[in-house]
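Dear colleague,

I am handing over the structure below, and I would be grateful if you could read through it alongside the notes that follow.

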Amino acid sequence: MVDLEQYLPILIFLFIAAALSAAFVFLPMGVSRLTGVHNPDAEKLSEYECGFPAFEEPRSQFDVRFYLVAILFIVFDLEAAFLFPWAVSLEFTGWPGWITMMVFLGELIIGFAYAWKIGALEWE
């Protein structure tokens, strides 16, 4: 049988966290509603992006290159994330760790060369 009293501090913590989160979200909205002037008009409610109104349909399709650049960024970002712990622990991993990382870097270099060859890094 599990004693549920040991979970009481966690439950209290969750209630306090939820109350604080709600206070941080709803309290400023309520205070601004009470103290400020709520006078919306078409200009205030219009959508804008980077300081000027949108000039295209917001549901237009994106070019595939956006996704390709995003995927390439994630791949090379993960490479950097793997290099730092590897460099720190190289004395513990020894030659097997070094060989494994060289294989990993070789695969990334081949992928980078392929992406460069097909023109994935060029923007028109």
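Please keep in mind throughout that this is a predicted model. To begin with a contact list, Glu79 touches Phe104, Leu105 and Leu108, when residues up to four places away in sequence are not counted. Glu79 lies in helix α3, which covers residues 64-88, and this side chain is buried yet without a salt bridge, the nearest side chain of opposite charge being that of Lys117, 20 Å away.

Which residues of α3 are buried along with Glu79? They are Leu72 and Trp86, and the buried residues of this helix pack against α4, which takes in residues 90-117. As for its geometry, α3 has 25 residues and reaches 37 Å from its first C-alpha to its last, which is close to the 36 Å expected at 1.5 Å a residue.

Turning to the surface, a nonpolar patch of about 740 Å² is made by Leu8, Leu11, Ile12, Phe15, Ile16, Leu20 and Phe24. Leu11, one of these residues, is placed in helix α1, which spans residues 8-35. Leu11 counts as partly exposed because its relative accessibility is 42%, and that class lies between the limits of 20% and 50%. As a point of background, an α-helix has 3.6 residues a turn, so residues three or four places apart point the same way.

For the protein as a whole, there are four helices and zero strands, and the elements run α-α-α-α from the N terminus on. Buried residues make up 7% of the 124 residues, while the accessible surface comes to about 11600 Å², of which 71% belongs to carbon and sulfur atoms.

With best regards

Terms used
Residues numbered from 1 in each chain as written. Predicted model: local features only at pLDDT ≥ 70, side-chain atom pairs only at ≥ 80, totals over all residues. Heavy atoms only, no water. Helix = DSSP H or I, 4+ residues; strand = E, 2+ residues; numbered from the N terminus. Buried < 20%, exposed > 50% of the residue type's maximum accessible area, 1.4 Å probe, protein only. Lys, Arg positive; Asp, Glu negative; His and termini not counted. Salt bridge = Lys/Arg side-chain N within 4 Å of Asp/Glu carboxyl O. Contact = heavy atoms within 4.5 Å. Patch = residues over 30% accessible without salt bridge, like charges linked within 9 Å, V, L, I, M, F, W, Y side chains within 5 Å. Areas by Shrake-Rupley, 256 points an atom, 1.4 Å probe, with all protein chains shown as cover. Expected span 1.5 Å × (residues − 1).
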